[in-house]
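Me: I've got a structure here and I'd like to learn how to read it. Can you walk me through it?

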Amino acid sequence: TLFRSGLGAESRFGVMPNHHTNPVGAIIAPYAALTSGAVLVHLNDNMFTDDHAITAIEKLSTEEVTGILGRKGDFDLLLKHAGNFDDDQYENLKWVALFESANEEAIPDAYIKKLKDTLLLDEVYVFRGPIETAYLTSYRTSAGPQGLVPHTEAKVVGDRGTTDAKTLTAGTRGNLKLKGPHVTASYYNNAGLLSELVDEKGFTSTSRDATM
């Protein structure tokens, strides 16, 4: 729903390479394509060198890519070479979406502005959250924080080890619990690791500290 203006039947969006084993490439990108009818473009086999970044930028125009999914490290390399191309290289590109783990330092607002200005974007989305939510807990845009991702519920409780822990008042630090269709209920081959910490209302304990 957040990319409604950029993803539609036969529109084209790219995912940065090397994310087939994490939520960006394994879950978010294919799900976005399946539910919108958009075409998922493979920008390159890797994104480790200058040549990889240059090839990806060249594809933005030839493949008529309107949006890109990736992580900050991918865009660092892209920005290094973006100024070497004419503006018409980005004429189709409208938005990018960055995904950051809750354990990482937040992407600065200045970086978002630089990305938007350099690639001539309409919008930059930054999604943040623990890996149990595929990094989809809260999000912000170039306009600032936008709150929780749609269909996500969150609460902070006092004891991470019990399912009946009490919800804490606003401003109190405690254990973050999340609920939503994208929140994993267990780990592959270790179903009990998270499922034993799902409370009676379906909230999963993330064992991460947070303040509401």
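Me: How much area does the chain expose, and what share do carbon and sulfur atoms supply?

Reply: First, a caution: this is a predicted model, where local features need pLDDT of at least 70 and side-chain atom pairs count only at pLDDT 80 or more, while totals for chains, interfaces and linings use all residues. Residues are numbered from 1 along each chain as its sequence is written, and side-chain values use heavy atoms, leaving out hydrogens and water. Accessible areas come from the Shrake-Rupley method with a 1.4 Å probe, and for residues only the protein chains shown count as cover. Here the chain exposes about 10900 Å², with carbon and sulfur atoms supplying 50% of it.

Me: What percentage of the residues count as buried?

Reply: Buried means under 20% relative accessible area, exposed means over 50%, and partly exposed lies in between (1.4 Å probe, protein chains only). Of the chain's 212 residues, 46% count as buried.

Me: Is Ile 131 buried, partly exposed or exposed?

Reply: Ile 131 is partly exposed, because its relative accessible area is 44%. You'll find Ile 131 in the loop between β5 (123–129) and β6 (138–141). Strands (E, at least two residues) and helices (H or I, at least four) are DSSP runs, numbered from the N terminus.

Me: In what order do the strands of the open three-stranded sheet come?

Reply: Strands of a sheet pair through backbone hydrogen bonds, either parallel or antiparallel. Two strands pair if DSSP finds at least two bridges between them. In this sheet the order is β8-β9-β10, with antiparallel pairing. At the edges are β8 (153–157) and β10 (204–211), each pairing on one side only. Five bridges join β8 to β9 (residues 173–179), and Val 157 stands opposite Asn 175 in β9.
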